[in-house]
Amino acid sequence: MSGHTVEFLLPGAPIYQLKAKDISETGIGVIVRPDSKFLNMIQAGQEMNVKLHTLQESSPNQGIYKARISHITALDDGRFKGHKLVALELMSKIS
């Protein structure tokens, strides 16, 4: 899913835009550096609005979604060892 990004819209916080590593019809996975301040602003179960940017502007997947953080998991091996995987469940499309 190279080139796809997720923009997190958190009240009172800067906008965080992260690369999407896995996209399905119901969810998105993003990789976060372990020292990112973003990790201090989120927790599993939290609901928020996110904006999905895709490679094709006309993509039906692009837009703003109501999402819930399913889990935040430490990655123990592979290319992103030491990073965190933030898994988002896309609940409904807002626009």
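Start by selecting Lys81, which lies in the loop between β5 and β6; strands here are DSSP runs of E with at least two residues, helices are runs of H or I with at least four, and both are numbered from the N terminus. The model in your viewer is predicted, so to speak of local features a pLDDT of at least 70 is needed, side-chain atom pairs count only at pLDDT 80 or more, and totals for chains, interfaces and linings use all residues. Residues are numbered from 1 along each chain as its sequence is written, and side-chain values use heavy atoms, with hydrogens and water left out.

**Stop one: Lys81**

Turn on the surface around Lys81: this residue counts as exposed because its relative accessibility is 58%. The cut-offs are under 20% relative accessible area for buried and over 50% for exposed, with partly exposed in between (1.4 Å probe, protein chains only). Leaving out residues up to four places away in sequence, Lys81 touches Leu75 and Asp76, where contact means heavy atoms within 4.5 Å. Now add Pro34 to the selection: the two residues are 47 apart in sequence, and 9.9 Å separates Lys81 from Pro34, C-alpha to C-alpha.

**Stop two: Lys84**

Next, pick Lys84, found in strand β6. With a relative accessible area of 28%, Lys84 is partly exposed. Show its contacts, again not counting residues up to four places away in sequence, and you will find Val30, Ile31, Val32, Leu39, Ile72, Thr73 and Ala74. For a longer view, draw a line to Ala13: Lys84 and Ala13 are 71 residues apart in sequence and 20 Å apart in space, C-alpha to C-alpha.

**Stop three: Gln46**

From Lys84, go to Gln46; their C-alpha atoms are separated by 16 Å, with their positions 38 residues apart along the chain. Gln46 sits in the loop between β3 and β4. Its contacts, not counting residues up to four places away in sequence, are Leu10, Met41, Ala67, Arg68 and Ile69.

**Stop four: Lys66**

Select Lys66 in strand β5. Is Lys66 exposed, partly exposed or buried? Lys66 is partly exposed, because its relative accessible area is 30%. Beyond its neighbours within four places in sequence, Lys66 is in contact with Glu47, Met48, Asn49, Glu89, Leu90, Met91, Ser92 and Ile94. Of these, highlight Ser92: Lys66 and Ser92 are 26 residues apart in sequence, yet their C-alpha atoms are 5.3 Å apart.

**Stop five: the core**

Now head inside. Which residues touch the most other members of the largest nonpolar core? They are Val6, Phe8, Ile28 and Val50, in a core of 22 residues. Strands β1 (5–9), β2 (16–23), β3 (27–32), β4 (47–53), β5 (63–74) and β6 (84–93) each give two or more residues to this core. Strand β2 supplies the largest share, four residues. A nonpolar core is a set of buried Ala, Val, Leu, Ile, Met, Phe, Trp, Tyr and Cys residues joined through side-chain atoms within 4.5 Å.

Zoom in on Phe8. Apart from neighbours within four places in sequence, Phe8 is in contact with Ile15, Tyr16, Leu18, Val30, Phe38, Met48, Asn49, Val50 and Leu88.

**Last stop: the whole chain**

Zoom out and switch to cartoon. The protein chain has zero helices and six strands, in the pattern β-β-β-β-β-β along the sequence. Its C-alpha atoms fill a box of roughly 35 × 30 × 20 Å, taken along the principal axes. Color by burial, and buried residues make up 35% of the 95 residues. Among contacts between residues at least 6 apart in sequence, 51% join residues at least 24 apart.
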